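Work through the exercises below with the sequence and the model side by side. Try each task before reading its solution.

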Amino acid sequence: MADRPKLYLLLAVVAALIASHVLSGGAEPQIPALNPYYYDVLIGIGINIILAVGLNLVNGYTGQFSLGHAGFMAAGAYASSWLTLSYGYAMGTSGLATTTAFLLALLAGGAVAALAGLIVGVPSLRLKGDYLAIVTLGFNEIIKGVIQNCDRLGAQRGLGGMVQHTTFFWTFAFAAITVYVVVNLVNSTYGRGFLAVRDDEIAAEAMGINTTKYKVLAFVLGAFFAGIAGGLYAHFKQFIHPEGFNFMKSVDVVVMVILGGMGSTAGVCFAAVLLTILPEVLRYVSRIEALPEWLRHVAENRMIIYSLLLIILMITRPQGLFGAVNLKKKKA
């Protein structure tokens, strides 16, 4: 039983490897045989899973409320991009050397994002609720402002020229690793501290649990995975801009966590898939000429439809798609 999560992780990585080989048609992994549009959506799904599962550790399992996840993603994206642009070929130009440089840059980007999480976490995670959300939102804007004024990172022009190292395999392998780490951490004896902080922080402190330590640890781990997602995003799009990591990007990830059910890893993964595909489906419907004109006009306003669906779902099922019903509140 103890080895079952490791087996699932291995199967997920092998499945990602096989799928990546099939999608590449036996050619270079960076040149998929699949339609580039569909391939872009698939990579977006994997990146959003990493972002949402990492944020779920903070918002869902630890019970905090962060609105600065896009800032950590930006830190990882720019750090890894700067490293590959500056030192990427110092290890050689062979396939193995460039892949190794890419992976090292990804991990370094994750480490930079984790350091940013530690910097913002230590002074701010003594706050709760709305105050914490405001602080993390401010940090998101600080990160964006620093990048916009740093000429070595492209400033307002954006940063481009990265080699497209991100493939289906690397994206979903890291997504599987993220899920594996978060699920095993939360279900471990040590990880029960996260749930204790979420359920009743005052009671947890009375029992001798260092709640600040657990909140900071969750913040740092969530930021690390956001940095990895940012590095994958940068090395897939090959161009990044500070506006791509604004407040609305953080809100998108928060919505995935809330929609899937805070504290439900499976639900968050499902919501990440759903909310990545849904806008694209509505975009496709708006272009079907066989449909009535009024229906196509409705689909053209896809963001309104998208928002209405979220509102309806939150009214009818506020705990999220996979969230557990709070029986105590229902009885009360």
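Five exercises follow, each with a worked solution.

The model is predicted: local features need pLDDT of at least 70, side-chain atom pairs count only at pLDDT 80 or more, and totals for chains, interfaces and linings use all residues. Residues are numbered from 1 along each chain as its sequence is written, and side-chain values use heavy atoms, with hydrogens and water left out.

**Exercise 1. The cavity**

Task: find the largest cavity, give its volume, and say which residues line it.

Solution.

Step 1. Fix the term. On a 1 Å grid over the protein atoms alone, a cavity is a set of points where a 1.4 Å probe fits but cannot get out; lining residues have an atom within 4 Å of a point. Grid points are joined across faces, edges and corners, and the volume is the space filled by probe spheres set on the points.

Step 2. Search the whole structure. One cavity of 30 Å³ or more turns up. The volume of the largest cavity is about 40 Å³.

Step 3. List the lining. It consists of Leu55, Val58, Ser66, His69, Phe72, Phe219, Gly222 and Ala223.

Step 4. Assign elements. Helices (H or I, at least four residues) and strands (E, at least two) are DSSP runs, numbered from the N terminus. Two or more lining residues come from each of helix H2 (36–61), helix H3 (69–87) and helix H9 (211–237). H9 gives the most, with three residues.

Step 5. Sort by chemistry. The lining holds five nonpolar, three polar and no charged residues. Here Ala, Val, Leu, Ile, Met, Phe, Trp, Tyr, Cys and Pro count as nonpolar, Asp, Glu, Lys and Arg as charged, and the others, Gly among them, as polar.

**Exercise 2. The core**

Task: state how many residues the largest nonpolar core has, and follow Phe72 outward.

Solution.

Step 1. Set the cut-offs. A nonpolar core is a set of buried Ala, Val, Leu, Ile, Met, Phe, Trp, Tyr and Cys residues joined through side-chain atoms within 4.5 Å. Buried means under 20% relative accessible area, exposed over 50%, and partly exposed in between (1.4 Å probe, protein chains only).

Step 2. Count. The largest nonpolar core has 73 residues. H2 gives the most to this core, with 14 residues.

Step 3. Pick the hubs. Leu57, Phe72, Leu232, Ile240 and Phe245 have the most contacts inside the core.

Step 4. Follow Phe72. Contact means heavy atoms within 4.5 Å. Beyond four places in sequence, Phe72 touches Ala113, Ala116, Gly117, Val120, Phe139, Phe219, Ala223, Ala226 and Gly227. Phe72 also lines the largest cavity, as do Phe219 and Ala223.

**Exercise 3. Helix H10 and its end**

Task: check the span of helix H10, then describe Gly261.

Solution.

Step 1. Compute the span. The expected value is 1.5 Å times one less than the number of residues. The 14 residues of H10 (residues 247–260) should therefore span 20 Å, and the end C-alpha atoms are 20 Å apart, which agrees.

Step 2. Check burial. Lys249, Ser250, Val253, Val254, Met256, Val257, Leu259 and Gly260 are buried in H10.

Step 3. Step past the end. Just after H10, Gly261 takes a positive phi of about 115°. Gly261 lies in the loop between H10 and helix H11 (265–285). Its relative accessible area is 0%, so Gly261 is buried.

Step 4. Look across the chain. Gly261 and Gly320 are 59 residues apart along the chain, with their C-alpha atoms separated by 4.0 Å.

**Exercise 4. Positive phi outside glycine**

Task: place Ala155 and Gln238, and decide whether each is buried or partly exposed.

Solution.

Step 1. Recall the rule. Most residues other than glycine have a negative phi.

Step 2. Take Ala155. Its phi is near 50°. Ala155 sits in the loop between helix H5 (129–148) and strand E1 (159–160). Ala155 counts as buried because its relative accessibility is 11%.

Step 3. Take Gln238. Its phi is positive, about 65°. Gln238 is in the loop between H9 and strand E2 (239–240). With a relative accessible area of 32%, Gln238 is partly exposed.

**Exercise 5. Two buried helix residues**

Task: say which residues Val197 and Ile45 contact, leaving aside neighbours within four places in sequence.

Solution.

Step 1. Val197 lies in helix H7 (residues 192–199). Val197 is buried at 3% relative accessible area. Its contacts are Thr62, Gln64, Ala204, Thr211, Tyr214 and Lys215.

Step 2. Ile45 is in helix H2. Ile45 is buried at 8% relative accessibility. Its contacts are Phe172, Val273, Thr276 and Ile277.

Terms used: 1 Å grid on protein atoms, 1.4 Å probe; cavity = no way out; pocket = protein on both sides within 12 Å on 5 of 7 lines; lining within 4 Å.
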